[in-house]
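Welcome! Take a moment to look over the chains below, and then we can walk through them together.

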Amino acid sequence: MNDGAPSEVEIASLLRAEEADALPPRLASGHLWREIEARRARRSLPIFAPSSLDAAAVLQAALTPALGG
Amino acid sequence: MDPHALSEDESLRAARSGDRAAFEVLHGRLAGPAYALARRLAGSPDLAADVVQDVFIELVNSARGYRFDGRLRAYVLRMVANSVYSAQRAIRLRTSGFPVRELDRGPEETAVAGSTAGAAWRALAQLDHAERVVVILRACHELPFPEIADVLTEPETTVKSRYHRAIERLRRKLAAWEDTT
């Protein structure tokens with residue numbers, strides 16, 4: 001095809017003319033691994049964290065009227 | 001065992017069990033291509049980094065999704081492409097009525113503004129998302145069509161015809177651009 005428009009190969013070459021950037025610091029493996037571990041730790045926290053004593057107090061308060069009645 | 005001897009699937013299993021060395025191998029193989037795709041699709045480096053970070057966290061911390069079928073690279077690139085699309089759509093919805101210039105720029109535009117390469121990236125930005133993914137994976141990442149079909153979970157014939165249609169549209173846009181310069 002010789003219609004003056006660039007060919008497929010020329011277009012591919014134009015799009016490759018500039019390399020994509022290097023990885024930014026927050027995508028470095030060490031940084032990502034710490035983020036992965038932090039998210040994993042947050043996800044595994046028990047529902048009544050930080051204090052199970054607080055949770056017990058909440059439960060006790062909720063049940064008291066029923067027990068008292 | 002030497003973590004470099006692990007397959008990508010084995011590296012992911014080990015990383016999910018807390019093996020940092022295995023994660024580093026996985027990161028070494030996949031982070032570069034994932035970020036390059038995100039950067040080229042998203043335009044914005046910040047959005048690209050957000051997407052890739054979330055993809056890796058989801059990949060390692062979630063037991064769902066990947067089926068360990070030996071196609072991890074395609075799975076990761078698919079997650080990246082879908083996440084960029086979702087993020088851009090959310091930004092457009094939040095900012096509807098306002099011009100979002102950043103989304104229309106290819107990563108190279110700043111460096112090559114006014115050049116033919118800049119015009120090629122601007123023309124690419126006018127294609128729809130699926131066409132851009134195919135062109136970037138083929139032209140920039142130099143993936144063969146069967147692999148691109150894997151990324152998009154579409155038949156190879158569909159991917160090929162979309163690619164050739166997209167290239168034809170780019171040719172016309174670039175010819176029009178050259179006529180005006």
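Which side chain of chain A meets Asp50(B) in a salt bridge? The partner is Arg26(A), with N and O 2.8 Å apart. Please keep in mind throughout that this is a predicted model.

**Where the chains meet**

That salt bridge is a good way into the interface of chain B and chain A, across which the rule finds 1 salt bridge. Polar contacts also link the two sides: there are 10 such residue pairs, both residues at pLDDT 80 or more. On chain B, the elements that give two or more residues to the side touching chain A include helix H1 (8-16), H2, helix H3 (45-61) and helix H9 (156-180). The residues on this side of chain B divide into 24 nonpolar, 7 polar and 14 charged.

In terms of contact, 45 residues of chain B touch 33 residues of chain A. Together the two chains bury about 3400 Å², and 63% of that area is on carbon and sulfur atoms. Three residues stand out on chain B: Gln53(B), Asn61(B) and Arg171(B) supply 21% of the area that chain B buries against chain A, more than any other three residues.

**A helix with a kink**

Now follow helix H2 (residues 20-42) of chain B from its start to its end. At the start, a side-chain oxygen of Asp19(B) comes to within 3.0 Å of the backbone nitrogen of Ala21(B). Further along, at Leu30(B), H2(B) has a kink of about 40°, shortly before the proline Pro33(B). The end C-alpha atoms of this helix span only 29 Å, whereas a straight helix of 23 residues would span 33 Å at 1.5 Å a residue. After H2(B) comes Gly43(B), with a positive phi near 80°.

**Positive phi away from glycine**

Two residues of chain B have a positive phi without being glycine, and both sit in loops. Here they are side by side:

| Residue | Phi | Place in chain B |
|---|---|---|
| Phe68(B) | near 50° | loop between H3 and helix H4 (72-94) |
| Glu142(B) | about 55° | loop between H7 and helix H8 (145-152) |

**A salt bridge within chain A**

Over all chains, the structure holds 10 salt bridges. One of the pairs that meet in this way is Glu35(A) with Arg39(A), whose closest N and O atoms are 3.2 Å apart. How far apart are Glu35(A) and Arg39(A) along helix H2 (residues 29-43) of chain A? They are separated by about one helical turn, because they are 4 residues apart in that helix. An α-helix has 3.6 residues a turn, so residues three or four places apart point the same way.

Note on methods
Residues are numbered from 1 along each chain as its sequence is written. Chains are lettered from A and ligands numbered from 1 in the order in which they are written. This is a predicted model: local features need pLDDT of at least 70, side-chain atom pairs count only at pLDDT 80 or more; totals for chains, interfaces and linings use all residues. Side-chain values use heavy atoms; hydrogens and water are left out. The expected span of a helix is 1.5 Å times one less than its number of residues. The bend at a residue is the angle between axes fitted to the seven residues ending there and the seven starting there. A polar contact is a pair of N or O atoms within 3.5 Å; within protein, one must be able to donate a hydrogen and the other to accept it, and residues adjacent in sequence count only if both atoms are side-chain atoms. Contact means heavy atoms within 4.5 Å. Buried area is the accessible area (1.4 Å probe) that two parts lose on being put together, summed over both. A salt bridge is a side-chain nitrogen of Lys or Arg within 4 Å of a carboxyl oxygen of Asp or Glu. Ala, Val, Leu, Ile, Met, Phe, Trp, Tyr, Cys and Pro count as nonpolar, Asp, Glu, Lys and Arg as charged, and the others, Gly among them, as polar.
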